[in-house]
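Q: I'd like a close look at one part here, the sheet work. Please go strand by strand where you can, then tell me what sits around it.

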Amino acid sequence: MIPIKINNSKFLVKSNLSILEACKYVGITVPRFCYHETLSVAGNCRMCLVETSMDPKPVSSCTRPIMKDMEIFVDTPLVKKARENVVETLLLNHPLDCPICDQGGECDLQDQTKVFGSDYSRFFFNKRGVEDKNCGPLIKTIMTRCIHCTRCVRFGTEIAGVDFFGTLNRGTSTEIGSYSSKFFDSEISGNVIDLCPVGALTSKPYAFKARPWELKINESIDLTDSTGSNIYVNFKETEVMRILPKNNSEINETLISDKARFSYDSIKNQRLQKLFEKHNLSNSFTFKLSNWPKVFKNLDKLLFTNPNVKVTFLINEELDLESLTILNDIQNKLSNNVRVKLIERSSNIPNNAFLSWSNDKLVDLKKNVQYCFLISSNIRLEGAILNAKIRNKVVSDTLNTFSMGQNFNSNFSLNFINLNLNNVLNFFESKSNISKLLVSTNKPLIVLGETLNKRLFGNFNLTSLIKKIIPSAIVLDVKKHSNTESMQLVNIKALDSNTFQNSDILINLNLDDDAKIRKIFSKFNGSLIWLNTHGSKIATKADVLIPTLTPFEEENTYLNFEQRAQKNFKNLAWCR
């Protein structure tokens, strides 16, 4: 810690900070456009100018490191006038279209202009126009609004690993563009929308839909994968308008995947909103509207007329922990008649295996790790946030990475080693030629993919095997679904042929219409009950259609692949 003075007040701060970071550390806000905590320092917007006792003229606080006994002044008349001139320069070519800009109301340029801008301009020439770029179906561009902060350029190069944006031309002709005509091909491309301080990059699906002051905000979690990224859900009345990342330094920091950001539109179409019952005619059938008393009466006939009726609940690994606990209690009390089965078991870890070995966390990536081994994992698709964290460590800390499994398009340097399952096990048992790397390193990072778990049967636990051989290893078992760890907690078994053949009633609980479900429904001759948020073609084979709530409409708990319990919250508008 070293002593410094900021506006004649004494502070003790860390010695390796810039002036801007030191001011932020003590609670003093310095305006900026190009600086961002997750990106490298550019120092090109000049909005963060400050005066110091060691420099003859104002300096950019994001690039100037602090020194012992340095005196810093952030609001002198000279600094204020410099910021006024910077804002005036940024507005030279900026269009006056705030009323139709989707960034209006949450725009950094608007806020800085209000505080530091002047009430007149000395510019009397025509504004320059810039051609919009086609980034694909997710990102809308109006490049005339761009202030050349280069946040999007640095994000693509440093975090996404895609050199899509770049700085073209120079001087007054400078613009941000793409080197070639192509889409922004990245699984986390939507994060440039949050990084852009103006309305140059906005969400294309959200365009002209709402204003920020019309939206209500809920804290929630991403359920599209097993990472459990923290998110903000923005509602207008009862409709989800957009999803934004919530900063969580232990999980996703300020990033979310494109699946998490744009998948909310799936809850709008083909929603099952009313009760339907099937009525058989002579040669066909039809569905008629029903009500809860009728449905409960018919369910009583199905379930309690015959005391030996066999009921099977079909679930997947996305069911929340509360519902899973209730179903498990029912199964334990009525074990002769009720069973709860998974459509497909993605992993074969025995019951309560997490008690044997404590799971490693995403924050363990910040430790001194030299080698990373991806075991049968396409990490870009299975865990986009984990992939971004590993890529950042590869670029900054020279992390050596190896992939054992099928080749995939990685966005960082990766050594592919094609091994079958037996060779993978020999690798962990130090019977392979490359096992020396695993044994010689202190804290190897091992990422286990979803496809590997499907090839392990019985009570074999690969995580336990790795921990026994290398106790210091950081093992991250990436799952495909959002709540797989909860299934292992209560030890739900997969559906087997014996259970299927002896069942009289199948209750489908929030399962997707896929090939496996269609095969089961086509072969089953008993009664089918469809409990789901959506209808589908295969749902017409059911006898009763019952609507359920989406995760945005209820409060539930989920365990991510770290076995971290997190809860999502519902929109209070549905409670009225």
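A: Here's the overall frame, then the sheets, then what lies around them.

This is a predicted model, where local features need pLDDT of at least 70 and side-chain atom pairs count only at pLDDT 80 or more, while totals for chains, interfaces and linings use all residues. Residues are numbered from 1 along each chain as its sequence is written, and side-chain values use heavy atoms, with hydrogens and water left out.

The chain holds 17 helices and 26 strands (DSSP runs numbered from the N terminus: H or I of at least four residues for helices, E of at least two for strands). Its C-alpha trace spans about 90 × 60 × 45 Å along the principal axes. Of the 576 residues, 52% are buried (buried is under 20% relative accessible area, exposed is over 50%, partly exposed is in between, with a 1.4 Å probe and protein chains only). Take the contacts between residues at least 6 apart in sequence: 65% of them join residues at least 24 apart (a contact is heavy atoms within 4.5 Å).

Now the sheet you're after. Seven strands make an open, mixed sheet, ordered E14-E13-E24-E23-E22-E15-E16 (two strands pair if DSSP finds at least two bridges between them). At the edges are E14 (285–289) and E16 (338–342), each of which pairs on one side only. From one strand to the next, the twist averages 20° (axes are lines fitted to C-alpha atoms, for helices over the stretch in contact, and angles run from 0 to 180 degrees between N-to-C directions).

Zoom in on E22 (505–509) and E23 (527–532): they run parallel and are joined by five bridges. One place to look is leucine 506, whose bridge partner in E23 is leucine 528. Two helices pack on this sheet. Helix H8 (321–333) touches E15 (311–315), E16 and E22, and its direction makes about 135° with that of E16. Helix H17 (515–523) touches E15, E22 and E23, and its direction makes about 160° with that of E22.

Follow E24 (544–547) onward and you reach the loop to E25 (556–559), where threonine 550 is found. Threonine 550 counts as buried because its relative accessibility is 2%. Leaving out residues up to four places away in sequence, threonine 550 touches Ile267, Arg271 and Thr533.

There's another open sheet, with three strands in antiparallel pairing, ordered E10-E11-E12. Its edge strands are E10 (216–221) and E12, each pairing on one side only. Neighbouring strands here are turned by 30° against each other on average, direction ignored. E10 pairs with E11 (230–236) over six bridges, in the antiparallel sense, and serine 220 stands opposite isoleucine 231 in E11.

In the loop between E12 and H6 sits serine 257, which counts as buried because its relative accessibility is 3%. Not counting residues up to four places away in sequence, serine 257 touches Glu187, Ile188, Asp222, Thr224, Ala384 and Ile385.

E12 also leads to some empty space. The second largest pocket has about 940 Å³. (On a 1 Å grid over the protein atoms alone, a pocket is an open set of points with protein on both sides within 12 Å along at least five of seven lines; a cavity is a set where a 1.4 Å probe fits but cannot get out; lining residues have an atom within 4 Å of a point. Points are joined across faces, edges and corners, and a volume is the space filled by probe spheres set on them.) This pocket is lined by 37 residues, and His36, Ile193, Asp194, Leu195 and Cys196 are the closest to its centre. Elements giving two or more residues to that lining are H3 (108–116), H4 (151–160), H5 (191–195), E9 (201–203), E12 (239–245) and H6 (258–262). The pocket lining divides into 17 nonpolar, ten polar and ten charged residues (Ala, Val, Leu, Ile, Met, Phe, Trp, Tyr, Cys and Pro are nonpolar; Asp, Glu, Lys and Arg are charged; the others, Gly among them, are polar).

Cys196 turns up again by a cavity. The second largest cavity is about 90 Å³, and of its 14 lining residues the closest to the centre are Cys146, Cys149, Cys152, Cys196 and Leu201.
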